[in-house]
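Trainee: Could you walk me through this one? I'd like to learn how to read it.

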Amino acid sequence: MSAPAQAFETSAAGVPVPDEPDDEAYDAGVAPSVKEDGEARAVFQAWKRLDTGLTASIGVSVPSRRPIEQMSLSSSYGMRTHPITGRVARHNGIDIPAPRGTPIYATADGIVGRAQRLGGYGNYVEIAHGNAIETRYGHMSSYIVHPGQQVKKGEIIGYVGSTGRSTGNHLHYEVRIDGAPVNPLPFVRSDSMAIAALSGDGKPLAMGGPEE
């Protein structure tokens, strides 16, 4: 069976990598934390209840749509084995495989922080949504926004690619609150979203994300 395509974060010389901790130890065989997923869902629901009023009053917007229209996953959030190093480490986002050039959308209103080439992320965009909520988008083929630009939910910010330390076309997507990663799935989940399984049919799927 062919090894699935992967993408992982590494620091380029002299290039700062955003808020990524070192590898975390993890006992083999222990499942990703159910508590973490529950906390992420609770945070999402709390923000959604306040979203309309916050957006109008203090400029807070909650990520609440898919960053890619036809969305499947090749790797989810949580602990998993790094396919290059073999170490178990935390994956701070989700991987969404898609053809090169597929549009990537802002998942909430916000202001672009960085839009640049950034280490293993490749072409990278981060958007601040207010009250320390941030989304991150990596491995783009290109981006069409600039730092300080205001964007609206659903606006195209760039296109899927395989830049940075990547071996397949996909989007690495993160949601962070107060700088800490949370599971993005509650922020993008819908009944129509499929989770792509590695079925062993030999077809490589782009997956991975920033290396902790």
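**Rings and a buried glutamate**

Mentor: The count here comes to 2 aromatic pairs, where rings of Phe, Tyr and Trp (its six-membered ring) pair if their centres lie within 6.5 Å, and planes under 30 degrees apart count as stacked, over 60 as edge-to-face and the rest as tilted. Keep in mind that this is a predicted model: local features need pLDDT of at least 70, side-chain atom pairs count only at pLDDT 80 or more, and totals for chains, interfaces and linings use all residues. Residues are numbered from 1 along each chain as its sequence is written, and side-chain values use heavy atoms, leaving out hydrogens and water.

Trainee: Why is the pair of Tyr121 and Tyr124 called tilted or stacked, whichever it is?

Mentor: Look at the rings: the centres of Tyr121 and Tyr124 are 4.6 Å apart. Their planes sit at 50°, so the pair is tilted.

Trainee: And how many residues apart in sequence are the parts that Tyr137 and Tyr173 tie together?

Mentor: Tyr137 and Tyr173 make a tilted pair too, 5.3 Å centre to centre with 50° between the planes. Strands are DSSP runs of E, at least two residues, numbered from the N terminus. Tyr137 lies in strand E9 and Tyr173 in strand E12 (residues 170-177), so the parts tied together are apart in sequence by 36 residues.

Trainee: Is Glu134 buried or exposed?

Mentor: Buried means under 20% relative accessible area, exposed over 50%, partly exposed in between (1.4 Å probe, protein chains only). Glu134, in strand E9 (residues 133-143), has a relative accessible area of 18%, so Glu134 is buried.

Technical notes:
Helix = DSSP H or I, 4+ residues; strand = E, 2+ residues; numbered from the N terminus.
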